[in-house]
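Here are some short exercises to work through with the model open beside you. Try each task first, then follow the solution step by step.

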Amino acid sequence: MSFRISAVCALLALGLVQTGSVASLTAQDQAPPPAAAPAPQDAPPAAPQQADGQPPTFRGGINFVRVDVIVTDRKAQPITDLKDTDFEVLEDGKPQNIEQFRLIKVDGNVRPGDPPPRQIRTRDDEETEAARDDVRIFVLFFDDYHVRRSTSMSVREPLIRFVQTQLRPTDMVAVMYPLTPVSAISFTRNHDSLISAIRNFEGRKFDYTPKNQLEANYMRYPTETVERIRNDVTMGALQGLAVRLGSLREGRKSVVFVSEGFTAMLPPQMRRGDASQPANPIEAGIASRGQDSAQQMTAEWFGQTDVYSRMREVFDLANRNNTAFYSLDPRGLTPFEFGLDDFGAGVPPPSFATDGRALQMTQDTLRTLSEETDGRAIVNRNTLEAGLAEMVRDSSTYYLLGYNSTVAVNDGKFHEIKVRTYLAACT
């Protein structure tokens, strides 16, 4: 579970989540300072020590809850001098005792005097390195089902520059597609192999040509059914990825979700009874007449509701495993969802109203995925690198809190968690 708190002078920043489901900043309000006495002024801002002088070891358990918290000032810069006594955690309104607390602060570089970072050759190497606090973990998830071929080509260079300028020697990165088995995910520190993988990324949104037996099994389904299957496959892959990342360590993990968003509803002229067949211009032209009807807009609403319902399972597992999704729309700043290449010859394009609703729906799925998992949506931007830099900054400085819940013992229900911090002076 994750929180993002923007500190305001003499104000309480309040984060609200449902355990294992939602993590997002929801309110700011006035509040008194915490009852516990603050640490001495000369106390170092390092993580607290156990009785034996060793840093606390984060443990798991049925009732043990972990929360990572990003605290920034009004300039969006991280605040790094807080202590455990500066935070208050409440579950269902009841204060919880913060038993474990650490400031995680890394830059991905090798510390002076340390040997070069270990190359990742085996699963043992992967697990050993991922468990280190000075290692950042990233995944590039290429949602080829929801990215056009043209936009996949245009996003390659920004992603390559990200690898070249933002990643550091100790960072661990993996590449995944919707059909990549979780067991096949492998991490690397080899930037050349990452760049090669980026150059091979090719989207196929609205291209229903099968590339494997699984896709061949449903190639003759209606186009809307194929889109729902593609949504389900991608969401299932994101859930599996979150669980896999959670098995590596308890700290924050970041996923760059390269996608144009989930398809909630196709316009009438793109609906075909057999996705393997080209559109019939006459039938498509007749169907397009109802694209802005009340019936169509009602169907769009139900389609979007269905998508969000299925997305909740992604939020749940992502928050349980401290995984943040940074949705990156490769289209950049765009006024349209559909292009002429999305329709067959002679098929009329959608109206501006239909196109605008579809664009809004796809972008909203990306924003929601990021907001509900404490990531950032890199949507409707011409400069994608700035959003990726924000992701790296979030992964570099955050607080990791842990407590044993005193409210419910494995009851399987949602519980409201609030994290508060009080800053007595402006930063």
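**Exercise 1. Find the salt-bridge partner of Asp 125 and say how covered each of the two residues is.**

Step 1. Look for a side-chain nitrogen of Lys or Arg within 4 Å of a carboxyl oxygen of Asp or Glu, which is what counts as a salt bridge. Asp 125 pairs with Arg 118, and their closest N and O atoms are 3.3 Å apart.

Step 2. Check the cover, where buried means under 20% relative accessible area, exposed over 50%, and partly exposed in between (1.4 Å probe, protein chains only). Asp 125 is buried because its relative accessibility is 14%, while Arg 118, at 39%, is partly exposed.

A note before you go on: this is a predicted model, in which local features need pLDDT of at least 70 and side-chain atom pairs count only at pLDDT 80 or more, while totals for chains, interfaces and linings use all residues. Residues are numbered from 1 along each chain as its sequence is written, and side-chain values use heavy atoms, with hydrogens and water left out.

**Exercise 2. Work out which parts of the chain the salt bridge between Glu 202 and Arg 149 ties together.**

Step 1. The N to O distance for Glu 202 and Arg 149 is 3.7 Å.

Step 2. Place both residues, taking helices as DSSP runs (H or I, at least four residues) and strands likewise (E, at least two), numbered from the N terminus. Glu 202 sits in the loop between helix H4 (191–199) and H5, and Arg 149 in helix H2 (residues 149–154), so the pair links parts that are 53 residues apart in sequence.

Step 3. Glu 202 is partly exposed at 34% relative accessibility, and Arg 149 is partly exposed at 47%.

**Exercise 3. Arg 156 is buried and has no salt bridge; find what its side chain reaches.**

Step 1. Arg 156 belongs to helix H3 (residues 156–165).

Step 2. Look for opposite charge, counting Lys and Arg as positive and Asp and Glu as negative, with His and the chain ends not counted. The nearest such side chain is that of Glu 202, 4.6 Å away.

Step 3. Now search for polar contacts: pairs of N or O atoms within 3.5 Å, where within protein one must be able to donate a hydrogen and the other to accept it, and residues adjacent in sequence count only if both atoms are side-chain atoms. The Arg 156 side chain reaches the backbone oxygen of Phe 201 at 2.8 Å, and one of its polar atoms lies 3.5 Å from the backbone oxygen of Arg 199.

**Exercise 4. Describe the surroundings of Glu 215 in helix H5 (residues 213–217).**

Step 1. Glu 215 counts as buried because its relative accessibility is 4%.

Step 2. A polar atom of the Glu 215 side chain lies 2.7 Å from the backbone nitrogen of Lys 211.

Step 3. List contacts (heavy atoms within 4.5 Å). Beyond neighbours within four places in sequence, Glu 215 touches Tyr 145, Leu 179, Arg 204, Thr 209 and Pro 210.

**Exercise 5. Locate the salt bridge between Arg 367 and Asp 364 and say what the buried residues of H9 pack against.**

Step 1. The side chains of Arg 367 and Asp 364 come to 3.3 Å, N to O. Both residues lie in helix H9, three residues apart, about one turn of the helix.

Step 2. The buried residues of H9, among them Leu 359, Met 361 and Leu 366, pack against helix H6 (223–248), strand S10 (253–258), helix H8 (294–320) and strand S11 (323–328).
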